[in-house]
Amino acid sequence: MSKQPAQGSKREQWSGQYGFLLAAIGSAVGLGNIWRFPGVAYTNGGGAFLLPYLFSLVLVGIPVLLFDYAMGHRYRGSAPTVYRRVKRSSEWIGWFQVLVSFVIMSYYAVVIAWAGSYAWFSFKLAWGKDAAGFFFGKYLHIAEAPGISASPVWQVLVPLVAVWGIALFIIGRGVVSGLEKANKVFLPVLVILFGALVVRALFLPGAVQGLTAFFTPNWSALADPNVWMAAFAQIFYSLSIGFGIMLTYASYLKRRSNLGGTGLVAAFANSSFEILAGVGVFAALGFMAHQQGVGVGDLEGIAGVGLSFVTFPTIIAMMPAGALFGVLFFSSLFLAGLTSLVSLIQVVAAALQEKFGLNNVKAAFTAGLPAALLSVTLFATTTGLYSLDIVDKHINEIGIVFIAIVAMVYMSFFARKLPELRMSINVVSSVSIGRWWPVLVGGLIPAVLAYMLSSTLWGLITEAYEGYPWWMLGTLGFGCIAFAFVLTAVFANLPWRNDVDSYKPLDLPGTVPPRPNGKNGTLTAATSKEN
């Protein structure tokens, strides 16, 4: 079978940096911004958490984001393609990132389906005065004891199929006609909806009490290393870095693209939305505390699923014109999740497209249908919430952290490409990064991640997470990691349909002798036909 070229000029490209920026922000702004950040801030010192959060944004989030940008932009491919182009033996790193994204998207779609359902339920405040009973009982039909059941929950399954249909339609249309156009619609609508929600929350009785709890720092919390680790983790997860998303998105940028400036805008836009989410959520929590006659710090269930699907519906039921507030909140949650879901699918679809020579539609369905089947059979059942909780814990805190460490350490100490990547950023960026960048990306950040990973592993090995049975933790938790490793080995050893090895990155300043039509060996992007 003859191989076909798969050079950067053959790949799709964003129409411009604006389209890429919206897609990057859309990917970063997801479910975690709306429900994870307020909960993490609430349990880690309130206003005091903002200091380590912003510190982590600058010293962790932005450097790793630029690492992903540089990898994708310089080597012009999906995650497996990029790491193979660095060195053939490192292709597996890219495939592990792909499999991590595959696992995440299989359950992420389920939460989006919940949000879509609740946007509809909000019109009539279907949960009444017992939000917890409605969510866990009437809606999820959650089994009394953890286990693995094949019994479907149709109220979840039907909207879940719709979510997958929308997402695969977007991916099947390609980068510009699908991803870019979708984000140009969804992201502005999301900002408008969520902005209206925040404004409404600010005028609720007790909102000031909530905002005081959010912005008043508990300085003693800064002495707790766990608060700093929580901030580190929040930045790392919320920016969608370390597992192939931003690498894949950056690979569709034109050669002359402002990587540094775009990275800063995307990072600060994501964090701005998180802080906006914190303002809206804490204002609403202040209202709830006011209604119950307790302090904001005395409220319970202010984290994760409980915050969005129990606490918020409870608040909405107490509010005047609560139906409108509910529609705004859950529609925002739906759109935020959808823009992140399509980025996860694109990581997998792009890898399959380049490895096996598939077109956009075939790649979308080859990536999406198995994940959709997994969603339906494992997470849209009466035990789906238990399964989701276990898989989410392990794939995020073990899978993502592990492969991020490997990628940065490999590129620093084995491939020794960080100076080259730094230079490739600087020659096209309005904002230059200094020699501190390789030190952070190749040393400090992996060291902190390694500490996080070892702490998490020790905790999961020595104590049953959330009291789940050990057989479930082994089958679903560590099983999803084993699943990723096995399929990584399979895909990394399959032959390539396309020729990705003949690609050569463009020259950088000082790396080649002067040329008749160039300027002292500077980057040739300005004269290259590959834009």
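**Salt bridges, core and confidence in a predicted model**

Me: In this predicted model, which residue meets Glu91 in a salt bridge?
Reply: The side chains concerned come within 2.9 Å, N to O. Glu91 lies in helix 5 and its partner in helix 14 (residues 322-356), so the pair ties together parts that are 264 residues apart in sequence. Both residues of the pair are buried. The partner of Glu91 is Lys355.

Me: Which residues are joined into one network by salt bridges that share partners?
Reply: The salt bridge between Glu91 and Lys355 belongs to this network. Asp501 and Arg84, whose side chains meet at 2.8 Å, N to O, belong to the network too. The members are Arg84, Arg88, Glu91, Lys355 and Asp501.

Me: How many residues apart are Asp501 and Arg84?
Reply: The two side chains form a salt bridge. This pair links distant parts of the chain, with Asp501 in the segment after strand 2 (498-499) and Arg84 in helix 4. Their separation is 417 residues.

Me: Is Arg84 buried or exposed?
Reply: Buried means under 20% relative accessible area. Arg84 has 13% relative accessibility, so it falls under that cut-off. Its partner Asp501, at 24%, is partly exposed. Arg84 is buried.

Me: What is the distance between the closest N and O atoms of Arg74 and Glu420?
Reply: These two residues form a salt bridge. Arg74 is in helix 3 and Glu420 in helix 17 (residues 418-426), 346 residues apart. Arg74 is buried at 8% relative accessibility, while Glu420 is partly exposed at 22%. The closest N and O atoms are 2.7 Å apart.

Me: Which helix gives the largest share of the largest nonpolar core?
Reply: This core has 197 residues, and Phe67, Trp114, Phe309 and Leu341 touch the most other members. Leaving aside its neighbours within four places in sequence, Phe309 is in contact with residues including Trp35, Val111, Trp114, Phe330 and Leu333. The largest share of the core is 22 residues, and it comes from helix 5 (residues 91-121).

Me: What is the phi of Arg76?
Reply: Most residues other than glycine have a negative phi. Arg76 is not a glycine, yet its phi is positive. Arg76 sits in the loop between helix 3 (47-75) and helix 4 (79-86) and is buried, with a relative accessible area of 1%. Its phi is about 55°.

Me: Where does Leu125 lie?
Reply: Leu125 is a residue other than glycine with a positive phi, near 45°. At 25% relative accessibility, Leu125 is partly exposed. Its place is the loop between helix 5 and helix 6 (131-139).

Me: Which residues make the nonpolar surface patch of about 310 Å²?
Reply: One of them, Val199, is in helix 8 (residues 175-202). Val199 is partly exposed, with a relative accessible area of 46%. The patch is made by Val199, Leu202 and Phe203.

Me: Over which residues does pLDDT stay under 50?
Reply: The protein has a mean pLDDT of 89, and 93% of its residues reach 70 or more. Where pLDDT is low, the predicted coordinates should not be read in detail. One stretch has 20 contacts beyond four places in sequence in the model, and another has 34. These stretches are residues 1-9 and residues 511-531.

Terms used: Residues numbered from 1 in each chain as written. Predicted model: local features only at pLDDT ≥ 70, side-chain atom pairs only at ≥ 80, totals over all residues. Heavy atoms only, no water. Core = buried A, V, L, I, M, F, W, Y, C linked by side-chain atoms within 4.5 Å. Buried < 20%, exposed > 50% of the residue type's maximum accessible area, 1.4 Å probe, protein only. Helix = DSSP H or I, 4+ residues; strand = E, 2+ residues; numbered from the N terminus. Contact = heavy atoms within 4.5 Å. Patch = residues over 30% accessible without salt bridge, like charges linked within 9 Å, V, L, I, M, F, W, Y side chains within 5 Å. Areas by Shrake-Rupley, 256 points an atom, 1.4 Å probe, with all protein chains shown as cover. Salt bridge = Lys/Arg side-chain N within 4 Å of Asp/Glu carboxyl O. pLDDT = per-residue confidence, 0-100.
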